[in-house]
Amino acid sequence: MNIEIIADIIGDNIEQVLETYAHILKRFKDDELDKLHNYYKNNNIIF
């Protein structure tokens, strides 16, 4: 989810969300990149 949307939902500013939840956001980013990598690999897509 977009960081601006998260900040709006919880009623905080983007800087505070990043400061508080950066470790969680990095994990989600890494998970999504792994999914993309696996998709490319499984479909023989060279990037």
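**View 1. Asp30 and its partner in helix 2.** In this predicted model, Asp30 is partly exposed, with a relative accessible area of 30%. Its side chain makes a salt bridge with Lys26, and the closest N and O atoms sit 2.8 Å apart. How far apart are Asp30 and Lys26 along helix 2? The two are four residues apart in helix 2, which runs over residues 14-42, so about one helical turn separates them. As a general point, side chains of opposite charge can pair when their charged atoms come close.

**View 2. Glu32 meets Lys35.** A search through the whole structure turns up two salt bridges, and here the pair to look at is Glu32 with Lys35, at 3.0 Å from N to O. Both residues belong to helix 2, where they are three residues apart, or about one turn of the helix. Are these two side chains buried or exposed? Glu32 is partly exposed, at a relative accessible area of 47%, while Lys35 counts as exposed at 52% relative accessibility.

**View 3. Where helix 1 starts and what follows it.** Look at Asn2 to begin with: one of its side-chain oxygens reaches to within 2.6 Å of the backbone nitrogen of Glu4, at the start of helix 1 (residues 3-10). Now go to the other end of that helix. Which residue follows helix 1? That would be Gly11, and its phi is positive, near 75°.

**View 4. A nonpolar patch on the surface.** Met1, Ile5, Ile9, Ile10 and Tyr21 come together here as a nonpolar surface patch, and their accessible area adds up to about 550 Å². Which element gives the most to this patch? Helix 1 does, with three residues. Two patch members are worth a look. Ile9 is in helix 1 and counts as exposed, with a relative accessibility of 60%. Ile5 also lies in helix 1, but Ile5 is partly exposed, with a relative accessible area of 43%. For a sense of distance from this patch residue, try Lys41: Ile5 and Lys41 are 36 residues apart in sequence, and their C-alpha atoms are 31 Å apart in space.

**View 5. Phe28 on helix 2.** Phe28 has its place in helix 2. Is this aromatic side chain's residue buried, exposed or partly exposed? Phe28 is partly exposed, with a relative accessible area of 45%. Pick Ile10 as a second reference point: Phe28 and Ile10 are 18 residues apart in sequence and 18 Å apart in space, C-alpha to C-alpha.

**View 6. Asn44, past the end of helix 2.** Asn44 sits in the segment after helix 2. Check its backbone: phi is near 50°, which is a positive value in a residue other than glycine. Asn44 is also exposed, with a relative accessible area of 70%. How far is Asn44 from Asn13? Their C-alpha atoms are separated by 41 Å, with the two positions 31 residues apart along the chain count.

**View 7. Zooming back out to the chain.** With the details in hand, here is the overall setting. The secondary structure of the protein chain comes to two helices and zero strands. Along its principal axes, the C-alpha trace spans about 45 × 15 × 15 Å. How much of the chain counts as buried? Of its 47 residues, 4% do. The chain exposes about 4400 Å², and carbon and sulfur atoms supply 56% of that area. On the charge side, there are 5 positive and 9 negative side chains, and the centres of these two sets lie 13 Å apart.

Methods. Residues numbered from 1 in each chain as written. Predicted model: local features only at pLDDT ≥ 70, side-chain atom pairs only at ≥ 80, totals over all residues. Heavy atoms only, no water. Polar contact = N/O pair within 3.5 Å; in protein donor to acceptor, adjacent residues only side chain to side chain. Salt bridge = Lys/Arg side-chain N within 4 Å of Asp/Glu carboxyl O. Buried < 20%, exposed > 50% of the residue type's maximum accessible area, 1.4 Å probe, protein only. Areas by Shrake-Rupley, 256 points an atom, 1.4 Å probe, with all protein chains shown as cover. Lys, Arg positive; Asp, Glu negative; His and termini not counted. Charge placed at Lys NZ, Arg CZ, Asp CG, Glu CD. Patch = residues over 30% accessible without salt bridge, like charges linked within 9 Å, V, L, I, M, F, W, Y side chains within 5 Å.
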